[in-house]
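Please look over the sequence and the model shown here, and read the short report that follows alongside them.

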Amino acid sequence: GEEPVFRRLSEPGWMDVWAGACSAQALPRAPGPGRGGGRAPRQPGRKGDVSLSRDSSLRSRPQATCCRRCLCRPARPRMASDAPASLPVQLAEQPRLLKLKKIFISKFGSAPKFYARAPGRVNLIGEHIDYCGYAVLPMAIEQDILIAVEPVNTQVVQLANTNPLYSDFSTSVKNIHINKTKPVWHNYFLCGLKGVQEHFGLNSLTGMNCLLDGTIPPSSGLSSSSALVCCAGLVMLTANGKTLSKVELAEICTKSERYIGTEGGGMDQSISFLAEEGTAKLIEFSPLRATDVRLPSGAAFVIANSCVEMNKAATSHYNIRVMECRLATKLLSKSKGLEWKKMLKLQDVQAKLGVSLKEMLTIVEEVFHPEPYSVEEICTCLGISLEELRTQILSQNTQDVTTFKLYQRAMHVYTEAGRVLEFKKICSEAPASAIQLLGDLMNQSHISCRDMYECSCPELDQLVDICLQSGAIGSRLTGAGWGGCTVSMVPSDKLSTFLTNVKEAYYKRNDQRLALEKNSLFATKPGGGALVFLEA
C-alpha cells in the first residue's frame with residue numbers, strides 16, 4: 001500500500017491540548033445489531049450506498065480479522081439509506097425526557113407529541129479536509145440536542161429553550177427568514193426547517209411548539225450548531241409526515257447550514273445521522289458513505305474544553321480557510337492544464353491527475369511558494385481580473401481579504417488526508433503498537449493544524465501540552481479550532497490519574513475555567529445517531 005505521507009511536517013513528541021463538553025443523562029438507544037434491530041440489506045447503485053471510492057487513494061483495502069488485542073472486527077461499508085429510527089419509550093423511565101415534558105406543558109399548556117434527538121461529535125482525526133473532498137474519522141458523543149415537539153394547526157413555529165440565556169422566538173412558517181449577520185441560536189433551527197421545506201417544495205407547513213434542551217457546550221468544536229440544524233431537520237420531517245434516509249437528511253442539513261454563512265463540508269451532519277453506538281466512522285463523500293472503524297481496546301478518548309469559544313459563523317477564520325483551499329485547487333489545476341474553472345476541491349485535483357497523496361505533496365512543492373499570495377498575484381496566475389475573482393470565486397465574506405496562504409493550506413490537507421487513511425488502517429490491522437501509532441498520528445495532526453493550517457490558539461496548544469505531559473499518547477485540537485476542545489487518547493489504566501492531572505494543571509489555575517471544569521473534561525465513547533422518541 002501507499003507509504004504514509006504525514007511524517008514530513010514535523011516529529012511527534014512535544015505539545016499541549018484541550019477539549020470540552022458536558023455530561024448528559026443517557027437516553028434510550030435505537031435498535032441495532034444485537035438489540036432487536038435490523039439493517040437494510042445492501043443495494044448497490046442506490047444513493048447512499050457505501051460502495052468504494054473510484055479514487056484509488058481513498059480505496060479501502062481488504063480488512064483483516066481483528067486479533068484478540070482490541071475490539072476491532074472486520075470493518076465493512078454499511079448501507080446508510082435507512083431512515084432515522086422512531087423509538088417508543090416509557091417516560092417514567094427517562095428522567096430527562098420526563099423533565100422536558102413537564103417544562104413543555106408549563107410553557108405551552110399542552111404535551112409534546114414526540115421528541116427528536118441529534119448528537120454532537122468529536123472528530124478523532126481529519127481536520128478541515130471534509131470540505132476539500134477527503135474522508136474524515138469522527139464519532140458521535142453522548143452530549144446532544146433534544147427537542148420536544150407538538151405540531152399545531154396554526155402556521156406559526158414557537159421555539160423555546162430550557163437555558164434561560166437563549167430567548168424565546170416565534171415566526172410564521174410562510175416566511176422563514178435567516179439573518180446571516182446574526183448567528184443566534186434560533187437561526188440554526190430555521191436552517192434545518194428551511195432545508196427540508198425546500199427539498200420537498202412544501203408550500204403549506206405544519207406549525208409547531210418546540211422546546212429545546214442542549215447538553216453540547218456551545219462554540220466548543222463539538223458540533224453544537226450542526227446538531228441543532230440536524231435535529232431541526234428531523235423535527236420538520238416528522239411533524240410534516242415526510243420520510244428521508246439518513247444520508248439524504250445529512251446532505252440536506254449540510255447544504256442548509258450554509259444559509260447562515262458556514263461553508264462546511266458535511267462531516268458534522270453526516271456523523272450526527274449515521275453514527276452507531278460502539279464504533280467510530282470513516283465518513284467519505286461523493287457519494288456520502290460511512291464505514292465502521294473499531295477503536296482499539298486499552299485506550300480511552302478524553303475531551304477537554306479550552307474554555308475559549310469560537311463560533312464559525314460569527315468569525316471569518318473558517319470561511320477564509322475554505323476559500324484558501326478553493327484558490328489552491330484552482331491554481332494547482334491551472335498549472336497542470338486542467339479545467340480549473342470547474343475544479344472546487346483539492347481532492348478533485350488528485351482524482352483528475354490520478355496520482356497518490358504523496359505525489360500531490362511533490363506537486364504542491366513545485367507549484368506554490370510559501371509566502372502568502374496577494375489577490376493580484378492570484379489573478380495573474382489564473383489570467384483573470386480582480387473583478388472576476390471577486391464575483392466568480394470569492395465568497396461574500398472573503399471579498400475584503402487581501403492575501404491568502406495556499407502552500408501551507410494544501411500541504412495540511414494532503415498530509416491530513418494521509419493520516420486519516422493510516423489511522424483507519426491501523427485500527428483495522430490492530431498491531432501490538434496500535435495505540436502508540438494512533439497517538440503519533442494525532443500529535444502530527446495537531447502540529448499541522450497549528451503550524452500549517454493555523455487554526456489553533458495559545459490555550460489549545462497549552463492544553464495539548466498538558467494532556468501529553470499528563471499521560472496522553474496522542475492529543476490534538478478537534479473541530480474547527482481557534483478555541484473549543486481537544487481530544488486525547490489515554491491508556492485506560494492511566495485515565496483516572498490523567499483526569500486529575502489535567503484538572504490541576506489547566507482548570508484549577510484559572511477561576512473561569514474552574515467554574516466550567518465539571519462539564520469540560522470527560523472521557524467519551526462512540527454514541528448513536530439522530531432519532532425520534534415517541535411516548536409509549
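## Val 156 and its surroundings

In this predicted model, Val 156 touches Ser 170, Thr 171, Ser 172, Gly 207 and Met 208, when residues up to four places away in sequence are not counted. Val 156 belongs to strand β5, which covers residues 156–161. Ser 170, one of the residues it touches, is 14 residues away along the chain, and the C-alpha atoms of Val 156 and Ser 170 are separated by 6.9 Å.

Despite these contacts, Val 156 counts as partly exposed because its relative accessibility is 32%, a value that lies between the 20% limit for buried residues and the 50% limit for exposed ones.

## Helix α2 and the glycine after it

Helix α2 spans residues 185–200, and 13 of its 16 residues are buried, so the helix is largely enclosed by the rest of the structure. The helix is followed by Gly 201, which has a positive phi, near 65°.

## Backbone features in loops

Two residues that are not glycines nevertheless have a positive phi: for Ser 223 the angle is about 70°, and for Cys 307 it is likewise about 70°. Ser 223 is placed in the loop between β7 (207–214) and α3 (224–239), whereas Cys 307 is placed in the loop between β10 (299–305) and α6 (317–335). Ser 223 counts as buried because its relative accessibility is 9%, and Cys 307 also counts as buried, with a relative accessibility of 14%.

A further backbone feature is the cis peptide bond that joins Ser 286 and Pro 287, for which omega is about 0°. Pro 287 is found in the loop between β8 (280–284) and β9 (289–293).

## Ser 456 between two helices

Ser 456 lies in the loop between α12 (434–451) and α13 (458–469). The side chain of Ser 456 makes a polar contact with the side chain of Asp 461, at 2.7 Å. Asp 461 also appears in the wider set of residues in contact with Ser 456, which, leaving aside neighbours within four places in sequence, consists of His 446, Cys 449, Arg 450, Asp 461, Leu 477 and Trp 482.

Is Ser 456 buried or exposed? Ser 456 is buried, because its relative accessible area is 12%, and the cut-off for a buried residue is under 20%.

Key. Residues are numbered from 1 along each chain as its sequence is written. This is a predicted model: local features need pLDDT of at least 70, side-chain atom pairs count only at pLDDT 80 or more; totals for chains, interfaces and linings use all residues. Side-chain values use heavy atoms; hydrogens and water are left out. Helices (H or I, at least four residues) and strands (E, at least two) are DSSP runs, numbered from the N terminus. Buried means under 20% relative accessible area, exposed over 50%, partly exposed in between (1.4 Å probe, protein chains only). Contact means heavy atoms within 4.5 Å. A polar contact is a pair of N or O atoms within 3.5 Å; within protein, one must be able to donate a hydrogen and the other to accept it, and residues adjacent in sequence count only if both atoms are side-chain atoms.
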